Amino acid sequence: MRLTDAQYERIAPLLPTPGGKSTVAQRQVMDALWHIAKEGCSWPGLPPEFGPWHTMYFRLNRWAKAGVQERVVAELQRDQLAGLELEALSLDSTIIKLHADGAGALRTRGARRSAARASA
């Protein structure tokens, strides 16, 4: 899903001005947000035409913390310009690290003792 010109013109004043060397347009970021919300895909699954998923994720994460996304969605829903109803939008970067023992790896100390006993 992409924003129409009327929708983008309505929310453009609500978007912060990009700082630094921004290579991704604000409209492109908003289109990526709507795509993620509508399709439910993961960030790495974002189609390449939206730009680098990593860039999109971090910019939208900053916007979420600043309340930008909430204001944009409220503005679009005010006059029913967007047919997407968002009750909650979650940006997840959860990662779970598993210890080698939990993954079924052999214990080094125990493996050495077994080998020493077998050769004796």
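# Notebook: a five-helix chain

I began with Trp43, which counts as buried because its relative accessibility is 7%, a value under the 20% limit for that class. The model is a predicted one, and I kept that in mind for every entry that follows. Trp43 sits in the loop between α2 and α3, and I looked up how far its C-alpha atom is from that of Ala32, eleven residues away along the chain, and found a separation of 9.4 Å.

**Entry on the rings.** I then asked which ring pairs with that of Trp43. The partner is Tyr57, with ring centres 5.7 Å apart and planes at 75°, so I entered the pair as edge-to-face. I noted that this pair joins distant parts of the chain, since Trp43 belongs to the loop between α2 and α3 while Tyr57 belongs to helix α3, 14 residues apart. Both Trp43 and Tyr57 are buried. Tyr57 also pairs with Phe58, again edge-to-face, at 5.0 Å from centre to centre and with 80° between the planes. The count of aromatic pairs comes to two, and I recorded that these ring pairs link Trp43, Tyr57 and Phe58 into a cluster.

Are Tyr57 and Phe58 buried or exposed? Tyr57 has a relative accessibility of 8% and therefore counts as buried, whereas Phe58, at 38%, counts as partly exposed.

**Entry on Pro44.** I moved to Pro44, which lies in the loop between α2 and α3, and with a relative accessible area of 55% Pro44 is exposed. I checked its position against His54, ten residues apart from it in sequence, and found the two C-alpha atoms 7.7 Å apart in space.

**Entry on the whole chain.** I stepped back to the overall layout and counted five helices and zero strands in the protein chain, with the elements running α-α-α-α-α from the N terminus on. The chain has 120 residues, of which 30% count as buried. Taking the contacts with a separation of 6 or more, I noted that 60% of them are between residues 24 or more positions apart.

**Entry on α2 and α3.** I looked next at how helix α2, residues 26-39, packs with α3, and I noted an angle of about 90° and axes 10 Å apart. With that angle, α2 is roughly perpendicular to α3. On the α2 side the contact is made by Gln26, Gln28, Val29, Met30, Ala32 and Leu33, and on the α3 side by Met56, Arg59, Leu60 and Trp63. Sorting these residues by class, I entered seven as nonpolar, two as polar and one as charged.

**Entry on Gln26.** One of the residues from that contact deserved its own lookup. Gln26 lies in helix α2 and is buried, its relative accessible area being 11%. Setting aside neighbours within four places in sequence, I found Gln26 in contact with Tyr8, Leu15, Pro16, Thr17, Pro18, Arg59 and Trp63.

**Entry on α3 and α4.** I then turned to helix α3, residues 53-66, and helix α4, residues 68-78, whose axes come within 5 Å and cross at roughly 80°. That crossing makes α3 roughly perpendicular to α4. Which residues of α3 and α4 meet? From α3 I listed Leu60, Trp63, Ala64 and Ala66, and from α4 Val68, Gln69 and Arg71. The residues of this contact divide into five nonpolar, one polar and one charged.

**Entry on the core.** Finally I looked up the largest nonpolar core, which has 22 residues, and in which Leu3, Ile11, Leu15, Met30, Met56, Trp63 and Val72 have the most contacts. Helices α1 (5-11), α2, α3 and α4 each supply at least two residues of this core, and α2 gives the most, with six. I followed Leu15 outward, leaving aside its neighbours within four places in sequence, and found contacts with Tyr8, Gln26, Met30, Trp63, Val68 and Val72. My last note concerns Trp63, which recurs through these entries: Trp63 is among the residues with the most contacts inside the core, is listed in the contact of α2 with α3 and in that of α3 with α4, and touches both Leu15 and Gln26.

Notes:
Residues are numbered from 1 along each chain as its sequence is written. This is a predicted model: local features need pLDDT of at least 70, side-chain atom pairs count only at pLDDT 80 or more; totals for chains, interfaces and linings use all residues. Side-chain values use heavy atoms; hydrogens and water are left out. Axes are lines fitted to C-alpha atoms, for helices over the stretch in contact, and angles run from 0 to 180 degrees between N-to-C directions. Helices (H or I, at least four residues) and strands (E, at least two) are DSSP runs, numbered from the N terminus. Angles under 35 degrees count as roughly parallel, over 145 as roughly antiparallel, 65 to 115 as roughly perpendicular and the rest as oblique. Contact means heavy atoms within 4.5 Å. Ala, Val, Leu, Ile, Met, Phe, Trp, Tyr, Cys and Pro count as nonpolar, Asp, Glu, Lys and Arg as charged, and the others, Gly among them, as polar. A nonpolar core is a set of buried Ala, Val, Leu, Ile, Met, Phe, Trp, Tyr and Cys residues joined through side-chain atoms within 4.5 Å. Buried means under 20% relative accessible area, exposed over 50%, partly exposed in between (1.4 Å probe, protein chains only). Rings of Phe, Tyr and Trp (its six-membered ring) pair if their centres lie within 6.5 Å; planes under 30 degrees apart count as stacked, over 60 as edge-to-face and the rest as tilted.
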